[in-house]
Amino acid sequence: MFKTIRLVTGHSGMLLNRAVLYTVLEMIANAAPIGLLAVVITASFDGNVSVRQLLWWTLLQIVMFAFQAIFSSLGQLEAQSTGSSAMKEVRLRLGEHLRKLPMGFFARRDQGDISQTLLANVDEVEMIVTHLFNQIAGSIVLPVVSSVFLLIVDWRLALAVLASVPLALPLLYASERLMKRRSLIRQEAAASVNAGLLEYVQTIRLIKAHNQTGKRFTRLDEAMARLRDDSIRIEASTSPLVMLFSVALELGFVFLLLVGCYLLEGGKLEASVFLVFMIVSTKFYQPLRSAGASLVQMRYMASAGDRIRELFAEAPLSEPERPERPASNNIAFDGVHFGYGDKKVLDNVCFVVPERSMIALVGSSGAGKSTIAGLVSRYWDVTAGSVRIGGTDVRNMRSDDLFAMVGTVQQQPYLFNESIADNIRMGKPGASIQEIVDAAQAAHCHEFIAKLPKGYDTLAGEGGAALSGGEKQRICLARAILKDAPIVILDEATASLDPENEVLLQRAIAKLSQEKTVLVIAHRLKTIKTADRILVVDHGRIAESGSHEELLASGGLYSRLWQEQQRLGGWKIKRGDQRQIYSRAEDSPGL
Ligand SMILES: Nc1ncnc2c1ncn2[C@@H]1O[C@H](COP(=O)(O)OP(=O)(O)OP(=O)(O)O)[C@@H](O)[C@H]1O
């Protein structure tokens, strides 16, 4: 549990100490009136109380209440600000850590599961820092102070009051252990509900399209039912133990009555002392009961901390001890083998992409093209062989240097729910609006952005929901152009474009390749016809390599794919003719 507190407070540990100090002072101010009360009761029994003394005691009581209020506010304020800033730091550290993890981690772990850790688990741990830790520290101080006081006043009665503590503690321990076990199960159930909800919202279009609403909802419903059952189970198993702990603790009061009556009977105890004990013991049991309940609750929150620590424990991509910088921007694959776990995907892949050239990767679906592109950015590490940039193995480069060198436009473009300008600016933080417009013009998206009601200030919608696939892809391309990285990877970047925009974009990409190293993945072969070299990937191997003309002449796989696409691509919808919807391309010179 303390590991969790240390993990989240980090450098702010000292601030938390200050919060605890305020709480301790608050509790001392809370306990002080007890001593005062004892003096008043004893003096009243002895019959020597003056009005002046009473006034002084009352004044002292008021001062203690004021101190209590001041220290309580200071403690809460300190704990809240420590907690909030510590959590902000933890989220940033987690975000940074996630960025450095290999992509294999994201293939293993569910998005919803990760977001549950980043959001809910961090919030739960924040509760420890802002409320529970303070509460527990405070609730322990009061009984400690009161028991010291009681021991001084009458050790026999004090021992009677304290006798129930060793009886109650094993029950608290059992409850804490049970909570530890059950909380992990409940955390997993909560993560699976979160994952289900996220998937449901993200795929709502698909679910509607396939009329799957009921079925998907059933799965979500089941996950929620599991969470409900686990929550009830936690409550049902730990609450009775916490309750028993309270009852066992209160048994001390019964011991006090028994011992007190016995001593009173034998004339070995003054009635005033007995009365003081009966009043003060309430200040002993009540805080201990709430400390016990908070401790069990804290155990649950600490399991959220375990999940955060687990995430931090995931090994990031290894960083070289002596980082190297590439001498140039060419890319070389040298005998690369790679597989996802046991599944072998690439087999002895060798090729070079010279600087200022465009190399295209083509091949059937699942052949391994995106995997090759991913290895350049070190999304994964090769199993054998090496991927080098400018002669330097990418594993010997600092990952930040590598990411800065490569600009990628993915198959599925993603836009953040920010303005279009900010989405493009991500490529170069701090870029002026003129630079953004220039990049948008190069990516042929300026025109449609300018026509939007708020132009570049239009919100893209989460995931770019408010834009078409082609528009999103062009904005992502503008982002990559603005990044101005020496290596550009376009993974099916023109897949969602209409023929007209595709031609324009081809020109932009061709221009890009005059200055940069460009690796393009495309299914539509006519979009990469002009590439300096085309690599045909087949079952994880480079099956053919050459220019468009050379590959056509060789009559191999590329040539067959080309013929096939020519045949299929020759069909188009003929406008204005309801009877003859499809027509051969050669019938239409406009194609
Ligand atoms: N994260 C992953 N975990 C396990 N297997 C994967 C993963 N990503 C891809 N694969 C598998 O590796 C093989 C190559 O996939 P890859 O995405 O590289 O092919 P591709 O040629 O780019 O396909 P496409 O043209 O359809 O995008 C496929 O069989 C695919 O199922």
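This briefing covers the ligand shell and the sheet of a predicted model. Local features require pLDDT of at least 70 and side-chain atom pairs count only at pLDDT 80 or more, while totals for chains, interfaces and linings use all residues. Residues are numbered from 1 along each chain as its sequence is written.

**Ligand shell**

- The residues around the ligand, near meaning that the C-beta atom, placed from the backbone, lies within 6 Å, are Ala 107, Tyr 340, Lys 343, Val 345, Gly 363, Ser 365, Gly 366, Ala 367, Gly 368, Lys 369, Ser 370 and Thr 371.
- Strand E2 (343–353) and helix H11 (369–376) are the elements that give two or more residues to this shell, helices (H or I, at least four residues) and strands (E, at least two) being DSSP runs numbered from the N terminus.
- H11 gives the most, with three residues.
- The shell divides into four nonpolar, six polar and two charged residues, where Ala, Val, Leu, Ile, Met, Phe, Trp, Tyr, Cys and Pro count as nonpolar, Asp, Glu, Lys and Arg as charged, and the others, Gly among them, as polar.

**Sheet**

- Six strands form an open sheet of mixed pairing in the order E6-E7-E8-E3-E9-E10, two strands being paired if DSSP finds at least two bridges between them.
- Strand E6 (406–409) and strand E10 (541–546) are the edges, each pairing on one side only.
- E6 and strand E7 (residues 487–491) run parallel and are joined by four bridges; Val 406 has Ile 487 in E7 as its bridge partner.

**Helix packing**

- H11 packs on the sheet, touching strand E3 (357–362), E6, E7, strand E8 (517–521) and strand E9 (533–538), contact meaning C-beta atoms, placed from the backbone, within 7 Å.
- The direction of H11 makes about 155° with that of E8, with axes fitted to C-alpha atoms, for helices over the stretch in contact, and angles running from 0 to 180 degrees between N-to-C directions.
- Helix H16 (residues 469–483) lies across E6 and E7, at about 175° to E6.

Conventions. Two residues are in contact if their C-beta atoms, placed from the backbone, lie within 7 Å.
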